[in-house]
Amino acid sequence: MATKLQTMSGEEMIALSRRHTLYEWSVQSAVDPIPVARAKGIYFWTPEGKRFIDFNSQLMCVNIGHGDERVVGAIQQQAATLPYANPFMATEVRARLAAKLAEITPGDMDTFFFTNGGAEANENAIRIARMFTGRQKIGARYRSYHGGTAGVLTLTGDPRRWGAEPGIPGVFRIPEFYHGIQKGYDKVEDVLARTEETIELEGAKTIAAIIVEPVVGTNGILIPPDGYMQGLRAICDKHGILLIADEVMAGFGRTGEWFSVDHWKVQPDLMSMAKGLTSAYVQLGAVGMRHQIAEHFQKNMFYGGLTYNSHPLACAAALATISVYEEDKLIENARRLGDLMRSLMQDLQARHPSVGATRNIGLFGIFELIRNRETREPLAPFNGTAPEMQALGKFFREEGLYTLVRWNTFFTNPPLCITEAELREAFSIIDRGLEITDKAVS
Ligand SMILES: Cc1ncc(COP(=O)(O)O)c(C=O)c1O
């Protein structure tokens, strides 16, 4: 007999989940999960009925919002017809999804390899780059996250890499354009010149690819100054190096374009995606490649495979999700409400001394908090926390605003279906919360 769901209290869910599962990137005794029973639109609820505004789209992934019946229906229909076929088969959903992706991804990108998520998409991207170029090395940034498996955790620059070191060989770092709230930005010409110098020193002919998040996600919503992405593209072209755009978090409308590279009209050679591809209704990732890279594998072996590659349930979820972006004009909504979000942020920045900086592109946003207006000392150190940041997180939770509070920052990444009234409601909670952090400012 099937186990009846929805009989546990929130406390029971927490106790058993903590007793028998590991929570990621955490010291287990410190985790404090929110029990979730159901979700709809921009909201989710605990079993006891407490409502939260999901101001981080869970893990920046439920882009279309929760509980969309068009996607749920597509998954149900696929489950009833053909829940699984192995990756050597052809299926209608696989065929349709790949053709649709060829339509919406940049330029002549027209071939896709499907995975279970973003990390595997990046793993396959670097392997494809190595097979195609016959070179080995990969350049990546410190302010980046590319996934939790061995290879891409080495590419990852943020502290999540440390536990997996020494990692895979052949990875080097390219320079940053942003150095934190105190030091700020480098000039585009300078960072590009230092990037080219790094490539020269590493040996251009040994480098297969450079991977970047065109708009960096968890490491600070870092929007490249105009000219950076174009400059990186030109450097890669000059040296025969492939450019991999990791669009796992920034893709699928989050920034107000289908993909964040579209803002700068830059064509990546390889592009990884996941999260918003299905809005996380079913897990799916993909790596897209330009036509000439796909051509290479017409005559050469593609070394790669996964039991769940092109999983029909996930492909059905992705197709339905992409239709929702189109039908509901969610990308336009992200752009329009992104403009409103910018003005709401600027208003709070003007009124709250603890707000050192705000940034957003579409509905991809962040607050950086400081404790001193002169020195601009961050409210919490790199990779650390502070009582005031913890108090802010507690306030958001009590007030029913869910978002990611990390180091001296917190994020504003709601589902793209959010309305103006809902956005204002969330910002009124933030407004009150910032009174806590303002008290820390000297
Ligand atoms: C930019 C980026 N790349 C890759 C990943 C890894 O994706 P996944 O967790 O689906 O493996 C993430 C996850 O947060 C991400 O933000």
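Here are some notes on this structure, which is a predicted model, taken one spot at a time.

1. Start with the ligand, since a good part of these notes comes back to it. Which residues are around the ligand? They are G117, G118, A119, N122, Y145, H146, G147, E213, D246, V248, M249 and K275. Sorted by character, this shell divides into 4 nonpolar, 5 polar and 3 charged residues. Helix α5, residues 118–133, supplies the largest share of the shell, with 3 residues.

2. Now zoom in on the ligand's polar atoms. One of its nitrogen atoms is 2.7 Å from an N or O atom in the side chain of D246. On the oxygen side, K275 has a side-chain N or O atom 3.0 Å from an oxygen atom of the ligand. G118 takes part through its backbone: a polar backbone atom there is 2.8 Å from a ligand oxygen. How much of the ligand's accessible area does the protein cover? The answer is 81% of the 390 Å² that the ligand has on its own.

3. Next, have a look at Q283. You'll find this residue in the loop between β9 (270–273) and β10 (285–290). Is Q283 buried or exposed? Its relative accessible area is 55%, and the cut-off for exposed is over 50%, so Q283 counts as exposed. Leaving out residues up to four places away in sequence, Q283 touches N116 and A314. Here is a nice example of how a chain folds back: Q283 and G117 are 166 residues apart along the chain, yet their C-alpha atoms are separated by 6.1 Å. G117 is also one of the residues around the ligand.

4. E176 makes a good contrast. This residue is in a loop too, between β6 (171–173) and α7 (188–202), but E176 counts as buried because its relative accessibility is 7%, and buried means under 20%. What does the E176 side chain pair up with? There is a polar contact of 2.9 Å between the side chains of E176 and R141. A polar atom of the E176 side chain also lies 2.9 Å from the backbone nitrogen of Y142. Setting aside neighbours within four places in sequence, the contacts of E176 are R141, Y142, R143, D186, V191 and R194.

5. On to the nonpolar cores. The largest one has 104 residues, and L101, Y228, F252, F367, F427 and I430 have the most contacts inside it. Helix α10 (residues 312–327) gives the largest share of this core, 11 residues. A second core, separate from that one, has 21 residues, among them A140, V152, L242 and L270.

6. Y228 deserves a click of its own. Not counting neighbours within four places in sequence, Y228 is in contact with R141, I174, P175, F177, V188, V191, L192 and V212. You have met R141 and V191 already, as contacts of E176.

7. Last stop: G67, in the loop between α2 (57–60) and α3 (69–81). Where does G67 fall on the exposure scale? With a relative accessible area of 24%, G67 is partly exposed. Its contacts, leaving aside neighbours within four places in sequence, are A39, K40 and Y281. If you want a distance to try out in the viewer, pick G67 and A37: they are 30 residues apart in sequence and 12 Å apart from C-alpha to C-alpha.

Conventions: Residues numbered from 1 in each chain as written. Predicted model: local features only at pLDDT ≥ 70, side-chain atom pairs only at ≥ 80, totals over all residues. Heavy atoms only, no water. Helix = DSSP H or I, 4+ residues; strand = E, 2+ residues; numbered from the N terminus. Buried < 20%, exposed > 50% of the residue type's maximum accessible area, 1.4 Å probe, protein only. Contact = heavy atoms within 4.5 Å. Near = heavy atom within 4 Å. Polar contact = N/O pair within 3.5 Å; in protein donor to acceptor, adjacent residues only side chain to side chain. Areas by Shrake-Rupley, 256 points an atom, 1.4 Å probe, with all protein chains shown as cover. Nonpolar A, V, L, I, M, F, W, Y, C, P; charged D, E, K, R; others polar. Core = buried A, V, L, I, M, F, W, Y, C linked by side-chain atoms within 4.5 Å.
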